[in-house]
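With the model open in your viewer, please follow this tour from one selection to the next, pausing at each stop to look at what surrounds it.

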Amino acid sequence: MRETFLPFAPPMIGEEEIEEVIDTLRSGWLTTGPKTRQFAADFTAYTQAPGALTVNSCTAALHLSLVSLGIGAGDEVITTPLTFAASVNVIEHVGARPVLADVEPDTLNIDPQKIEQAITPATKAIIAVHYAGHPVQLDAIRDIAERHNLHLIEDAAHAIGAAYKNQPIGSGSNPTCFSFYATKNLTTGEGGMLTGDDEFLDRARMLSLHGMSREAWSRYSAGGKWAYDIAAPGFKYNMTDIQAAIGLQQLRRFEAMQSRRREIVAQYQSAFANDPALQTPVCHEDVTHAWHLYVLRINESELTIERNQLIEAINARNIGTSVHFIPIHMHSYYANRYSWKPEDFPVAFGNFNRMVSLPLSAKMSDQDVADVIEAVTDVVAVSRRRAMVA
Ligand SMILES: *Cc1c(COP(=O)(O)O)cnc(C)c1O
């Protein structure tokens, strides 16, 4: 057993990030400035996005998307029950009603058929989450959005580096929201990026900084350097150059980090794939998986322990784990407000009870990976249900 605790998702920060932050601090320009602009440009190039707006979180990007599209009271927004609360909280923030559509059993992504069934005359948008970094069925979901005249917002918090049919996530013209939170594949500590077409981004940019518009004033004033107009009651969602400094260097090492993630995933897959007590994650042939998470599921009928005991046993072997996610409809606020029962979304609920996320980070050594495999294999071996002997 390992001597020290293996954290679930440690960030990979090198000297380059540290030097770039120091350079920013010495430059005298701390908040949104040249490094933020450069980071947005580099990110746009990497994702082949039509354009990108730096923000201080993915939650901010999601909120800005809804506000910029004019979604509010009386509107319904369809999303997945198997996501982080932020994807759904923002729907509440704009006064709209979240409508959940259950997930597919294999990818655990929102099921296009369930989206179609959830549409009403009040539906205005779909927030599709690329769960664990595996893209949703974009063709099917785009088709539904087009036929019903709905906006499609992608929650790509897990999906930087992912692609659908060779098109990078973020390369579409619809709003796509990325997270650079400390545990994500690319981090700036806290931070986010919103990609989309120019017209949408112009409105989102204005709303991201108090609703301030400089263009509106420059039309009437000669110099116009000090002048601004508040065109809407906006938010304070801008990214700082200190954050962007980290992001610039993270983006430079991003492909190397992703390739290390894929190596780790390959080792997990070959260790667990043939065990009848375990279900390993899938990757469809038409996607590039970003492998933000490695979500292992247990087949309860093969084991004498349940998921919670499995987690305790793995943690007792000094391995950090997590669960993604406690389904939205099981949180007290949402359960109470919409009278949702756990069984209302049976695929999300059933799979939640079987899942554990194993450590996955570019920072992990081969020994770390071997330790995780050993811990899981050991716990499963001592908990395997034996066939009854007559
Ligand atoms: C992390 C996460 C978010 C929120 O990202 P922040 O940058 O922390 O706001 C949103 N959606 C999903 C699916 C996430 O995992």
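Begin with the second largest pocket of this predicted model, and select F84, S179, Y181, T183 and K184, which, of the 26 residues that line it, lie nearest its centre. Colouring by secondary structure will help here, since the elements that give two or more residues to this lining are α3 (58-68) and α4 (86-93). Of these, α3 supplies the largest share, three residues. If you then colour the lining of the second largest pocket by class, you should find 12 nonpolar, 11 polar and three charged residues, arranged around a volume of about 460 Å³.

Now display the ligand, for the space that it takes is this second largest pocket. Which residues are the closest to the ligand? Among the 15 residues that surround it, they are T59, D155, H158, S179 and K184, and S179 and K184 will already be highlighted from the previous stop, being also among the residues nearest the centre of the pocket. The shell around the ligand, when coloured by class, shows six nonpolar, seven polar and two charged residues.

Next, zoom in on individual atoms of the ligand and follow three distances in turn. Select D155, where a polar side-chain atom lies 2.7 Å from a nitrogen atom of the ligand. Moving to C58, look at the backbone rather than the side chain, because a polar backbone atom of this residue is 2.9 Å from an oxygen atom of the ligand, within the 3.5 Å that defines a polar contact. At K184, a polar side-chain atom lies 3.3 Å from an oxygen atom of the ligand. Switching to a surface view puts these distances in context, as the ligand taken alone exposes 380 Å², of which the protein buries 92%.

For the last stop, hide the ligand and turn to the largest pocket, which holds about 780 Å³ of space. Select T32, L53, R205, S208 and L209, which are the closest to its centre of the 19 residues that line it. Which elements each supply at least two residues of this lining? They are α2 (34-47), β1 (52-55), α7 (198-208) and β10 (212-213), and the largest share, four residues, comes from α7. Colouring the lining of the largest pocket by class, you should see seven nonpolar, seven polar and five charged residues.

Note on methods: Residues are numbered from 1 along each chain as its sequence is written. This is a predicted model: local features need pLDDT of at least 70, side-chain atom pairs count only at pLDDT 80 or more; totals for chains, interfaces and linings use all residues. Side-chain values use heavy atoms; hydrogens and water are left out. A residue is near a molecule or strand if one of its heavy atoms lies within 4 Å of it. A polar contact is a pair of N or O atoms within 3.5 Å; within protein, one must be able to donate a hydrogen and the other to accept it, and residues adjacent in sequence count only if both atoms are side-chain atoms. Accessible areas come from the Shrake-Rupley method with a 1.4 Å probe; for residues, only the protein chains shown count as cover. On a 1 Å grid over the protein atoms alone, a cavity is a set of points where a 1.4 Å probe fits but cannot get out, and a pocket is an open set with protein on both sides within 12 Å along at least five of seven lines; lining residues have an atom within 4 Å of a point. A molecule sits in a cavity or pocket if more than half of its atoms lie within 2 Å of its grid points. Ala, Val, Leu, Ile, Met, Phe, Trp, Tyr, Cys and Pro count as nonpolar, Asp, Glu, Lys and Arg as charged, and the others, Gly among them, as polar. Grid points are joined across faces, edges and corners, and a volume is the space filled by probe spheres set on the points.
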